[in-house]
Amino acid sequence: MNKKMIVYTVCKLLRLEAFLLLLPLSVSFFYREPLQLKWAYAGTIALIFVVTLIGHKKPDNITIYSKEGFVIVSLSWMLLSLFGSLPFILSGEIPGFIDAFFETASGFTTTGSSILVDLSVISHSNLFWRSFTHFIGGMGVLVLALAIFPDFNTSSIFIMKAEVPGPQFGKLLSKLMHTARTLYIIYVVMTTVLVLFLRLGGMPWFDSFLIAFGTAGTGGFGVQNGSILPYNSPYIEYVLGIAMLLFGINFNLYFMILIRKWKDAVKSEELRAYLSIVAVSVTLIVLNLLPSYDSLRKCIRDAFFAVSTVITTTGFSTADYGSWPAFSQVILLLLMFVGACAGSTAGGLKVSRVVILIKSTFLQLQRMIYPNSVTVLTFEKKRISDATEKSVTNYFTVYMFLFAGFLIINALNAPDFLTSFSSVAATFNNIGPGLGKVGPTYNYAEIGNLSKIALSFAMIIGRLEIFPMLVLFSPMTWRKH
Amino acid sequence: MKIVIAGGGKVGEALCTDLSAEGYDVILIEVIEERLTKLIEKADITGLVGNGASIKAQLEVGVDTSDVFISVTNSDELNIISAIIARKLGAQHTIARVRNPEYFVNMNFVRDELGITFMINPELVSARDIMTMLRFPYAYDVESFFRGVVNIVEVEIEEDSFLNGKMLQDLNTSDEKVLVCIVDRNHEVFIPNGQFVLQAKDRIYLTGSEEAIHEFWCVKKSPNKRVRSVMIVGGSRISHYLIEKLIKKNIKVKLIEINTKIAEEFSFNFPEITVINGDGTDQDLLREEGISSYDAVVSMTGIDEENMILSMFSHSLNVQKTITKINRKMLMPILDKIGLDSVITPKKVISDLIIRFVRSEGSTKSSKVETLHRFLENRVESLEFIIDGNSRALNIPLKDLKTIPNLLIACILREGQLIFPGGQDVILEGDRVLIITTKKYLDRFDEILVS
């Protein structure tokens, strides 16, 4: 275990966070906010620089392996959330530590679950930082570090593997740094385009930026009370609905389009499965809702937005799907688990895993019926090795176990089953609002402190796809021999 | 610069790690998936599972837009075919590892008609390197520059050496023909200046012509200037090439080979040498064949451990020079501890050669790297440049030239004349300049200047 290198890398990432905190600080100056806010940000930045002095010197031995990669990723995500919550506490707008940590973790993990009851009293700088954490967390802090620090060494592949979601990790370019840069460039360009589209729909500049951050990271923090509803514009709802779906697509496909491999990108099995799931879900919900709606158009719009926001694990809201019929709610609940494509900014199990799981189940069935049959599991026209298949099924198992664990802890102070179940589903899969008492029209302010702590961890574990955090907390990792 | 490598064996692995560390974009085509995954974790490269000779695989990794294609799978024919295809698809340069000497005839045809930039034979190159080592029997390591005019040799200062305690500027002030360019003291590397004081146990690297180095170093130990007899254990391919070269130099050779058929073959091919059929690890046999009377023992069996023990045994009998073939790189660090220093690792030999080629091709702008050698676990590099007219270092006295730290301009070859430059000397267009530096990955001469 190369502890010195872990400390060094984590400190470097925290200093990167300090630089990013300069943005909300400038927002605070721009809007001429009270002195306390500026102090809150300046103080946090200063504190980070002082604390990270312990890891200032580059260690002699810089080799790290997958174990260290996992520890670096999980440790830095927890510490980023910890330090990121300080401005909220110091500014006095979220006085409680647990609340502030929950809110920041929810931001970085692009969950979008909030404990804030009234957004209108929150200052611009804090609103900005809240949404900006979505933007950073979406593509990943370590990927950002890889993109801008040229001296991240070659072992960083272990770090990137641990942070980028999905069962298989594909490098776009031979240099890791170029891969990270390309991903960020695609990400930033898409976000900028979205900002312009939102502005064209009459959304104020400040809101356009923040909502775009929330969409890009598939996070879902709003700017106004009532999320997207107050803008009262079908145009904005459609733009966001489509944008969320786009950010839920594997970024490698955008890269393929960039290098003019259109055909390969369109043929992607995961993309087709993802779009089919969206289409089927929208149709089913529309059919279910139609009797209670006056206009078909509004019905389709609400259903599309709800499906898009849930499957991409964003968590913006327009219509209150908490009051929809049970059938629609169940479909949405299931979509929470599916999530979007691997290699996107979304959470959940990921479509590719779901597809592999389903195929694997069918093959199992086939083996039962024809015991001597030879079967090969294929995905994206490539053979899936037994090891990959096993890792996907194992992931699902561990995922279920952890889900059950969080459900039990959360149930200790939950008002009812639906709230308890959906709040775990919504945080573990990084969606945001759930159903019942944590539905789109409610928030997480009322749940107990124990639940808040448990759900904060659920968010980070869910975002990092479980194993990095398990490695961090496993005694095996820290044993010397 | 984009480099595609086919084959992720030992050489492929060394190429991937070294070339990607130098900043090139490396893509590997390898048949075995696990091997590829392992290498992607180890080096900053990307890859494809497939056959390097398939057009589909080559197109998928973009050989058509690549600068260098290197085929180092274990099959000669596959390497040749892959290189031809790569060239036809549009790769700028193609390199193929080819072992069979039958393919090594008519190199012009290979280059012009087949389009293979060059074929390398690891055994042949290794044999050449062993020959260089034998030219300096007292040295641990030897590298040649300026087509052999200048050598860098590594020697150790002993307690009773005339160099012990000497300050560098006090050495042969009259005519500087030999230069101490690197000092390795307890694994700390120095590029010394005139005030540097040498100590016993220092490993020093001497630069100069062959004659000058012999004269400088062998002031007291005149008897063993040259190797006149060599015992080779193991009739490998390298031995074959080596014996050819030794015979040309009129050096007495005795070969010990355990396999009767191979022994007979060697005897048939080389009537000039003595071939013994027997076990090279049998110490009685070695004594009987008079191992201690040979100037050098070269251990060439197929087993690393056997070679190591053989060399240790020869050392104990005071054979002056032992050369050990080691295939596995990970054994290198312990060799130093047990006193074996002249080691030949074929895969390292050819990966160094390819890297040198790539680097000299990579710097097309000005003043290309001609040759490159690395010392002391790659901590020091020596590079040979040909200076072109655009260099900013032209016509400036060296004492006024602001260069990066830890850098030495060791010597200049100008119109066949070897110059060890002083502060007043200048660099002219067309000079061949040898520099020694701890800065890595230089690929243009002007990078030595402080910008």
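The following questions and answers concern a predicted model and examine chain B and its contact with chain A.

Student: How many residues of chain B are in contact with chain A?

Tutor: Contact here requires C-beta atoms, placed from the backbone, to lie within 7 Å. Chain A contributes seven residues, and these divide into three nonpolar, two polar and two charged. On the side of chain B, the number of residues in contact with chain A is nine.

Student: How many residues of strand 2 of chain B are buried?

Tutor: A residue is buried if 20 or more other C-beta atoms lie within 10 Å of its own. On one side of strand 2 of chain B, D25(B), I27(B) and I29(B) are buried, and on the other side V26(B), L28(B) and E30(B) are buried too. Strand 2 of chain B spans residues 25-30, and the number of its residues that are buried is six.

Student: Which residue in strand 2 of chain B does K2(B) stand opposite?

Tutor: Strand 1 (residues 2-6) of chain B runs parallel to strand 2 of chain B, joined by five bridges. Between the two strands the chain passes through helix 1 (residues 10-21) of chain B in a right-handed β-α-β crossover. Across this pairing, the residue opposite K2(B) is D25(B).

Student: Through which helix does the chain cross from strand 2 of chain B to strand 3 of chain B?

Tutor: Strand 2 and strand 3 (residues 46-49) of chain B run parallel and are joined by four bridges. In this pairing, E30(B) stands opposite V49(B). The β-α-β crossover that links the two strands is right-handed, and its helix, residues 33-42 of chain B, is helix 2.

Definitions and conventions: Residues are numbered from 1 along each chain as its sequence is written. Chains are lettered from A and ligands numbered from 1 in the order in which they are written. This is a predicted model: local features need pLDDT of at least 70, side-chain atom pairs count only at pLDDT 80 or more; totals for chains, interfaces and linings use all residues. Two residues are in contact if their C-beta atoms, placed from the backbone, lie within 7 Å. Ala, Val, Leu, Ile, Met, Phe, Trp, Tyr, Cys and Pro count as nonpolar, Asp, Glu, Lys and Arg as charged, and the others, Gly among them, as polar. A residue is buried if 20 or more other C-beta atoms lie within 10 Å of its own, exposed if 12 or fewer, and partly exposed in between; C-beta atoms are placed from the backbone. Two strands pair if DSSP finds at least two bridges between them. A crossover is right-handed if, with the strands pointing away from the viewer, the path from the first strand over the helix to the second runs clockwise.
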